[in-house]
Amino acid sequence: MKRRIIVTVTFLAGLYYFLVFLLPPRIGGAPDSAGAYAATAARAGLAEPEVLYSGAREGGTPRILRLAPGRRPGAVAVGPSPWRRDDYRGAERPQWVAPDRLYYIGLGWDDRTPRVCLARWRDGAWRPEPRAVLDRGEPGTADSSGVTWVSVLAPTAGEQLWRAWCVGRQGETGRVGYATSTDGVRWERAALAADAPHGGSIESVSVWRSGGTITGVIVERAAAAGTPLAVAAVDGASGRLGPLSAVHLVAPSGDALAPLQVLDARVSEGGPAPVYATLLVTCTRPDGRREVRTATLTLGPPYVASLAPRPLREAGNRGRSTLLNDVRGRIDDLVVVVGAFAVGLGLVSLAQVHGKRVFRRRQGWAESSVFFVAAAAMATTTIYTRLRPDADDWGSRTYQMLFAGLFQPLGSSMFSLLAAYLVSAAYRAFRVRNLESTLMAASAALIMLGQVPIGNLLTQWLPPPVQIPTVMAWVLFVTNNAVVRAVNFGIFVGAMATALRVWLSLDRAALRDVT
């Protein structure tokens, strides 16, 4: 009976996790079922203007989608490609620039680092360039973590420079940077254009020409109280944004957006007074999904942005749930409970083994006594600190001494001893005797050099695509991931084959062990 219960439970648990591995959480659904955001108005030689916006399925990669009159929404305008490094993991936040350019943010294969990419309108479709036009900055700069938003102004008659205002990130903080270009492809960073006025982070910036002046509107995720929208005049020579004027955001009466949250805003077009500009604004719904709305910005100060009563594009229909992930939490909790019983049985077994050794004074009984003392001390102090987590007394100090002062150093010492054996094994494995061992040794040397400053120093004079850190990142995140996934798949298939032998009573030795 016990064998049947164990086989049945393990079979059902294994079947569940096997189906979770094979099936997605949801099947079908719109390509923007996770939300629509970051829109731009575009014409690009079309008979009628259309809106390009960002969208993604739940758990999927972001793509730039099309929304045009008479067309079914959700057609892909620009999507990620395994052949392009800089939007390998997604394309989002587009800005159409007349007459045939679309700037957007690509998520690179190196840990989804955002950078500015360019697509051109050719043969009735958007054709992305193979490389980003503006990458992240050097370590320590305002855009060292990537560029998450871009707003470009094309030169007018009598001008020669393309100008771009970008939201660069340093960690979680976003600031507006300024860059110039003679062709819109090769950009040169000029200066920091604006910082967050309330000590928070700037999420988006959009500039447009209004008469003979350049104006910008920003969206801030503020650390202090303040409106998320602000307007400023832009210095045409330096690119800096002047003093920011707050924008009062007005939602339609009875709007379902509560509380109202604005994530980004882009100018669709300028307008005559009293309309200053038309904005495409991303708002969040109560369920957390994003939608795009139009807003009319009236001339000020005070500036007022009035949201349209209906969204221009809301999140698409969600796919049908496979019901597997809906119960994932309960199944995981059940596995944790079973694991806790297994740990308890292991402690009982250890107590029996060491207890017999102590009572009978067999060889090694002193070490067995230390086991009981250590287990009792750690159990007592751990329970005490869990019952009184805020206490600063002898119990918490004893727990810190045992855990941080004794247990962790012992673990570090054990791993240090293992490192010596690893170095010895690596020396034997990396001896260059054939092509395979040569490739392994070269890959190991490349990964190690890419992780330390000397690797950057050796090749910093080369173009960025062939520098050691860049090549190391490609080997580590692309080729290594492919190999690891293949190996893991083989292990998974082997584990399933072994489990099936047990479940179908073909492996008698394993069945004797569980009984």
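Modeller: In this predicted model, Tyr399, Phe403 and Phe407 form one aromatic cluster, and the count of aromatic pairs comes to 7.

Biologist: Why is the pair of Trp121 and Trp126 called edge-to-face?

Modeller: The ring centres of Trp121 and Trp126 are 5.1 Å apart and their planes stand at 70°; since pairing asks for centres within 6.5 Å and edge-to-face for planes over 60 degrees apart, the pair is edge-to-face.

Biologist: How do you know whether Trp121 and Trp126 are buried or exposed?

Modeller: Buried means under 20% relative accessible area, so Trp121, at 19%, counts as buried, and Trp126, at 7%, counts as buried too.

Biologist: What makes the pair of Trp165 and Tyr178 tilted?

Modeller: The centres of Trp165 and Tyr178 are 5.1 Å apart, with 45° between the planes, and an angle that is neither under 30 nor over 60 degrees counts as tilted. Trp165 lies in strand β11 and Tyr178 in strand β12, so the pair ties together parts that are 13 residues apart in sequence. Both Trp165 and Tyr178 are buried.

Biologist: Why is Arg290 said to lie over the face of Tyr37?

Modeller: Arg290 is placed 3.9 Å from the ring centre of Tyr37, where the cut-off is 6 Å, together with a limit of 35 degrees from the ring normal. Arg361 likewise lies over the face of Trp365, at 4.6 Å from the ring centre.

Biologist: What makes the link between Ser33 and Glu58 a polar contact?

Modeller: Their side chains are joined at 2.7 Å, which is set against a limit of 3.5 Å for a pair of N or O atoms. Ser33 sits in the loop between β1 and β2 and has a relative accessible area of 1%, so Ser33 is buried.

Biologist: How do you know that Glu58 forms a salt bridge with Arg318?

Modeller: The closest N and O atoms of Glu58 and Arg318 are 3.2 Å apart, and a salt bridge requires a distance within 4 Å. This pair links distant parts of the chain, 260 residues apart. Glu58, at 33% relative accessibility, counts as partly exposed, as does Arg318 at 42%, because partly exposed covers the values between 20% and 50%.

Biologist: Why is Arg186 called buried or exposed?

Modeller: Exposed means over 50%, so Arg186, with a relative accessible area of 63%, is exposed. The side chains of Arg186 and Asp183 meet in a salt bridge at 2.5 Å, N to O.

Technical notes: Residues are numbered from 1 along each chain as its sequence is written. This is a predicted model: local features need pLDDT of at least 70, side-chain atom pairs count only at pLDDT 80 or more; totals for chains, interfaces and linings use all residues. Side-chain values use heavy atoms; hydrogens and water are left out. Rings of Phe, Tyr and Trp (its six-membered ring) pair if their centres lie within 6.5 Å; planes under 30 degrees apart count as stacked, over 60 as edge-to-face and the rest as tilted. Buried means under 20% relative accessible area, exposed over 50%, partly exposed in between (1.4 Å probe, protein chains only). Helices (H or I, at least four residues) and strands (E, at least two) are DSSP runs, numbered from the N terminus. A polar contact is a pair of N or O atoms within 3.5 Å; within protein, one must be able to donate a hydrogen and the other to accept it, and residues adjacent in sequence count only if both atoms are side-chain atoms.
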